[in-house]
Structure formats: structure tokens, C-alpha cells
Amino acid sequence: MSAMEAARRGLGPLGRRLLAAFVVVAFSSVAVLTAAALIGTDRGVATIQHEERRQTAERAADEAADAYAAAGGWAGANLDSVHAVARAAGAQVAVLDVTGTVVSTTMPGGRHGHGAEHATGPPGDEADVVVDGRLVGTVQLISMAPLATGSGRSVAWWWVAGAAVVALGIALGVSLWVSRRLTTPLAALAGTAHAFAGGDRSARVVVRPPGELGEVATAFDSMADAVAAAEETRRRQAADVAHELRTPLAALQAGLEELRDGLSEPNPARLASLHDQALRLGRVVDDLAQLASAEAASTSLQLTDVDLAAVVAGAVDSQEPHLRAAGLTVRREISGPVPVRADHDRIHQVMVNMLTNAARFGRSGDEVTVRVFSDGEQGVVHVADTGPGIAAADLPHVFERRWRGPNSGMVTGSGIGLAVVRELVEAHHGTVSVDSGPDRGTTFTIAIPLGHRLREPVDHDPALRLGST
């Protein structure tokens with residue numbers, strides 16, 4: 001069963017752990033909120049009860065004050081209205097004079113009216129009986145049973161409990177959904193990675209979740225496309241290399257077998273032919289070694305502060321005889337210094353490859369112009385020729401490994417030189433591009449970030465600055 005199928009059927013280890021974590025958080029949150037709601041409800045109910053008792057005691061005290069004023073004292077005072085207020089609130093009441101003696105009470109065992117009994121039972125809220133600004137007694141409210149709020153507390157508790165159950169159910173549902181939402185693309189990604197590692201280069205992540213997981217899936221597919229393309233290129237390169245090596249090897253083998261069997265004499269002409277085939281093999285091997293070295297250049301560069309103009313001028317000096325032998329005229333437009341942070345030998349190799357390419361494909365009488373200058377934050381090198389140019393359809397392939405143009409059948413070479421140029425320039429965090437067209441020549445542009453300014457300007461030979469050779 002694939003990882004994708006497993007993700008659809010179950011959560012998997014990560015999903016179960018995520019779900020457990022979400023459930024713990026949900027339970028904890030609901031428990032805390034429920035406890036807070038219940039405690040708050042209890043305290044609210046208690047506050048309401050206390051306020052009701054206080055208001056009842058104050059009303060009873062007002063009624064007692066009116067009865068006291070009407071009778072001129074506690075003796076003969078009609079306190080039935082006081083008792084009615086207490087009964088309406090579901091409480092017991094006791095009226096006491098200023099000495100604390102019970103004047104009247106509704107407590108069991110007490111009596112309505114005057115007497116010397118003291119109040120008994122649990123104390124409640126009290127209110128002073130004031131007549132004409134003078135304290136004449138106290139009304140004590142004694143709650144023998146809770147006031148009519150017990151049912152309210154019960155209803156509140158049921159509501160809180162019901163809300164907690166609903167909230168917990170929603171939390172569990174959301175936790176399960178989020179866990180699946182997170183683990184399904186991860187499981188699909190893991191399954192695709194295993195399939196890709198197992199050799200299935202067509203395996204891709206089907207799930208496209210939003211956010212960062214979607215970006216990871218897209219990045220994986222891009223990487224898989226790049227790896228598949230690289231492998232296809234390497235297979236094509238291997239076939240090209242085999243083709244390049246097959247012809248000289250076959251010629252060498254046939255020639256050596258003829259010499260061994262005595263079918264031909266080892267004369268100088270025959271030996272020279274075999275030697276040429278050996279040289280051709282050597283050139284192919286050297287080109288492959290250069291490409292491998294260029295691909296590893298980013299980890300082996302010896303970076304120093306160098307003058308790009310001086311390096312290019314040196315490369316032109318070394319290649320000028322070959323260019324002239326090919327019938328080309330060299331023109332230099334080198335202004336410097338152009339300080340860059342680069343590997344002197346690698347940049348020299350880049351220029352040698354560029355000029356060798358110009359000599360290989362140029363026609364006798366063409367002109368090659370080499371320009372070096374600073375442009376903003378970059379040092380720029382132009383290598384332009386007036387040669388036959390490159391077709392627009394071939395331009396995207398110029399820097400590909402082992403690529404040779406359709407009109408290069410009569411030109412020697414393995415098609416690796418410009419691929420080496422691109423690898424080395426990009427290792428310096430630079431860029432290389434080409435602009436060309438049939439019968440209008442070709443211009444290669446190399447741009448490398450500028451480095452620190454050189455302390456002293458390099459004094460080029462005047463012949464290297466501007467002019468023709």
C-alpha cells in the first residue's frame with residue numbers, strides 16, 4: 001500500500017501524534033473554560049442572593065420603622081408588614097430593639113409580637129431601623145432555606161455543561177480535520193520521494209495543499225523535473241561521448257590489427273594517421289576533464305583581487321597567433337583597471353575558450369573585437385566577431401554540453417568549450433549570454449561582479465587599450 005493510500009485510510013504515526021496533541025489542548029481548554037464558567041456562575045448566583053437578602057432586609061427595616069413611628073415605640077407596634085416582606089422573599093425575620101432583645105420574629109418557636117426572646121438560628125443580613133434619624137432597632141433577615149435562586153444555578157450549570165460538550169465535539173472534529181490536512185500531503189510527498197528514489201522518475205506529488213506545504217510539494221516536483229532532465233542530459237552526453245570515441249578507437253584498432261597481421265607496412269604515413277587518431281582521443285578526454293573541473297569550480301576557486309582587463313589582455317596575447325593563423329583580425333578595446341574578485345587562472349581559461357571558439361568557427365578575413373569595461377557594479381567582457389552568426393533556433397543550445405551546431409560538421413571539437421565557460425562564469429556569480437544572427441556575427445557577453453578597487457591602476461601596454469592588430 002502506498003503512502004498516499006495509507007494517508008487516505010488512516011492518519012499514520014505523525015497524524016496520530018498531532019491528533020493526540022490537539023485533543024489534549026482541546027480537553028484542557030474546555031476544562032479550564034468550564035471550571036471558570038461554573039465558578040463564575042456560582043459566584044454570580046451568590047452575589048445575586050446576597051443582594052436580594054440585603055434589599056429584603058432594607059424593605060423590612062422600612063416597614064418596621066413605619067410601625068414603630070405609628071405606635072410611638074415597640075410596644076403595640078404592628079409588625080405584620082415586616083413579616084409579609086420576609087415571607088415574600090422565602091426567609092425568616094427577627095426585629096430587635098437597640099438592646100438586642102427580640103421584639104418580634106417569625107422563627108420557629110418564636111412568636112409574632114413583643115417578647116424577650118433572643119434571635120436564634122443562623123445570622124443573615126441586617127438592616128438598621130431608623131426613626132427621625134435615631135436608631136431604634138435592627139431587622140435581622142435569617143434565611144432558613146436558599147432564596148429562589150437554586151433553580152437558576154441548576155439551569156446555568158446545565159447550559160455550561162452542554163456548551164462544554166459541544167465545544168469539545170467541535171474541537172475534536174477540527175483537530176481530526178487539521179491532522180488529516182497536514183499529514184495527507186506529507187504522506188504523499190514521502191511516498192513520491194520513495195518512488196522517485198526507487199527509480200520512478202515520473203513520480204510527482206499530486207496533492208497541492210495551500211501555504212508552505214504546497215510550496216514544498218511544488219519545490220519537490222521542480223527538483224524531480226530538474227533531476228530527470230539532468231539524467232536525460234547525461235544519458236545523451238554519454239551517447240555523444242561514445243560516438244566521439246567510437247570512430248578514432250575503431251580506426252586505431254583497425255590500423256593496429258593491419259600492422260599486427262602484416263597487411264600494411266608501418267611506414268611514416270600510416271603511423272602518422274594512427275597518431276592523429278590518438279590525438280583526437282586525447283582531445284575528447286581533455287574536454288571531458290575540463291568540463292568536470294569546471295562543474296566543481298565553485299568549491300575550488302582561488303579568489304583574489306584581480307584586474308579583469310589585465311587577465312583578458314593576457315589571454316588575447318596567448319591566443320592571437322592562433323587567431324591570425326585562422327585569418328582573423330583582432331581588435332582590442334580594453335580599458336582598465338576593472339577590479340573583480342575572481343580566480344585568475346579560471347578567468348584566463350574562460351577567455352581562452354571564447355577565443356578558441358572564435359578561431360574555430362570564424363572565416364578568413366573576419367574580425368574579432370574584445371572589449372573590457374566597467375558597467376555599474378559589474379565588469380563586462382564582449383567578444384564579438386563578424387562571422388557567419390548563429391541561427392535563432394540554435395541560440396538556446398549554445399552553452400549546452402556536447403552540443404554542436406548543424407553547420408559544424410567540418411569543424412573539429414567536442415562541443416564542450418562554451419559549456420565550460422558557462423560553468424566557470426556562474427561559479428564567479430556572473431552571467432554569460434550570446435547575441436547573434438545569420439550573417440551579422442556573434443557577440444558573447446560575460447559579466448562578473450566588481451570587487452575591491454585595486455590600490456594602484458594597472459598600466460597596460462598602449463597597444464592593449466584601443467586599436468587593432
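The following dialogue examines helix packing, strand pairing and a salt bridge in a predicted model.

Student: Why are helix 8 and helix 9 called roughly antiparallel?

Tutor: Helix 8 (residues 344-361) and helix 9 (residues 417-427) pack at an angle of about 150 degrees. Angles over 145 degrees count as roughly antiparallel, and the two helices are therefore placed in that class. Their axes lie 9 Å apart, and helix 8 passes helix 9 in a left-handed crossing.

Student: Which residues of helix 8 and helix 9 meet?

Tutor: From helix 8, the participants are R346, Q349, V350, N353, M354 and N357. They meet G417, L418, V420, V421, L424 and V425 of helix 9. By class, this contact comprises 7 nonpolar, 4 polar and 1 charged residues.

Student: What makes G417 count towards the polar residues here?

Tutor: The classification places Gly among the polar residues, and G417 is one of the helix 9 residues in the contact.

Student: At what angle do helix 7 and helix 8 pack, and what is the handedness of their crossing?

Tutor: Helix 7 (residues 308-325) packs against helix 8 at about 35 degrees, with the axes 9 Å apart. The crossing of this pair is right-handed.

Student: What is the make-up of the contact of helix 7 with helix 8?

Tutor: It has 11 nonpolar residues, 6 polar residues and no charged ones. Among the helix 7 residues are L308, V311, V312 and L323, and the helix 8 residues include I347, M351, V352 and L355.

Student: What makes R201 and E231 a salt bridge?

Tutor: The criterion is a side-chain nitrogen of Lys or Arg within 4 Å of a carboxyl oxygen of Asp or Glu. For R201 and E231, the closest N and O atoms are 3.0 Å apart, so the pair satisfies that cut-off. R201 lies in the loop between helix 4 (150-197) and helix 5 (212-261), whereas E231 lies in helix 5, 30 residues apart. By the same rule the count comes to 12 salt bridges.

Student: How do you know that strand 9 and strand 11 pair?

Tutor: Pairing requires at least two bridges between two strands. Strand 9 (residues 378-385) and strand 11 (residues 442-449) share 8 bridges in the antiparallel sense, so the requirement is met. Within this pairing, V380 has A447 of strand 11 as its bridge partner.

Student: How many bridges join strand 10 to strand 11, and which residue stands opposite T431?

Tutor: Strand 10 (residues 431-436) is joined to strand 11 by 6 bridges, and the two run antiparallel. T431 stands opposite A447 in strand 11. In the hairpin of these strands, 5 residues lie between them, and D439 takes a positive phi near 65 degrees.

Student: Why are strand 2 and strand 3 called edge strands?

Tutor: The sheet in question is open, with 4 strands in the order 2-1-4-3 and antiparallel pairing. Strand 2 (102-105) and strand 3 (126-131) each pair on one side only. Neighbouring strands of this sheet are turned by 25 degrees against each other on average, direction ignored.

Student: What makes strand 1 and strand 2 a pair?

Tutor: Strand 1 (residues 92-97) and strand 2 have 3 antiparallel bridges, and at least two are needed, so they count as paired. A94 stands opposite T105 in strand 2. Helix 3 (residues 80-88) packs on this sheet, touching strand 1, strand 2 and strand 4 (134-142). The direction of helix 3 makes about 145 degrees with that of strand 1.

Student: Which residues does V23 touch, and where is V23 found?

Tutor: V23 is found in helix 2 (residues 12-71). Residues up to four places away in sequence not being counted, V23 touches L172 and S175. V23 and G173 are 150 residues apart in sequence, with their C-alpha atoms 9.6 Å apart in space.

Conventions. Residues are numbered from 1 along each chain as its sequence is written. This is a predicted model: local features need pLDDT of at least 70, side-chain atom pairs count only at pLDDT 80 or more; totals for chains, interfaces and linings use all residues. Side-chain values use heavy atoms; hydrogens and water are left out. Axes are lines fitted to C-alpha atoms, for helices over the stretch in contact, and angles run from 0 to 180 degrees between N-to-C directions. Angles under 35 degrees count as roughly parallel, over 145 as roughly antiparallel, 65 to 115 as roughly perpendicular and the rest as oblique. A crossing is left-handed if the near helix is turned anticlockwise from the far one by less than a right angle, and right-handed if clockwise. Contact means heavy atoms within 4.5 Å.
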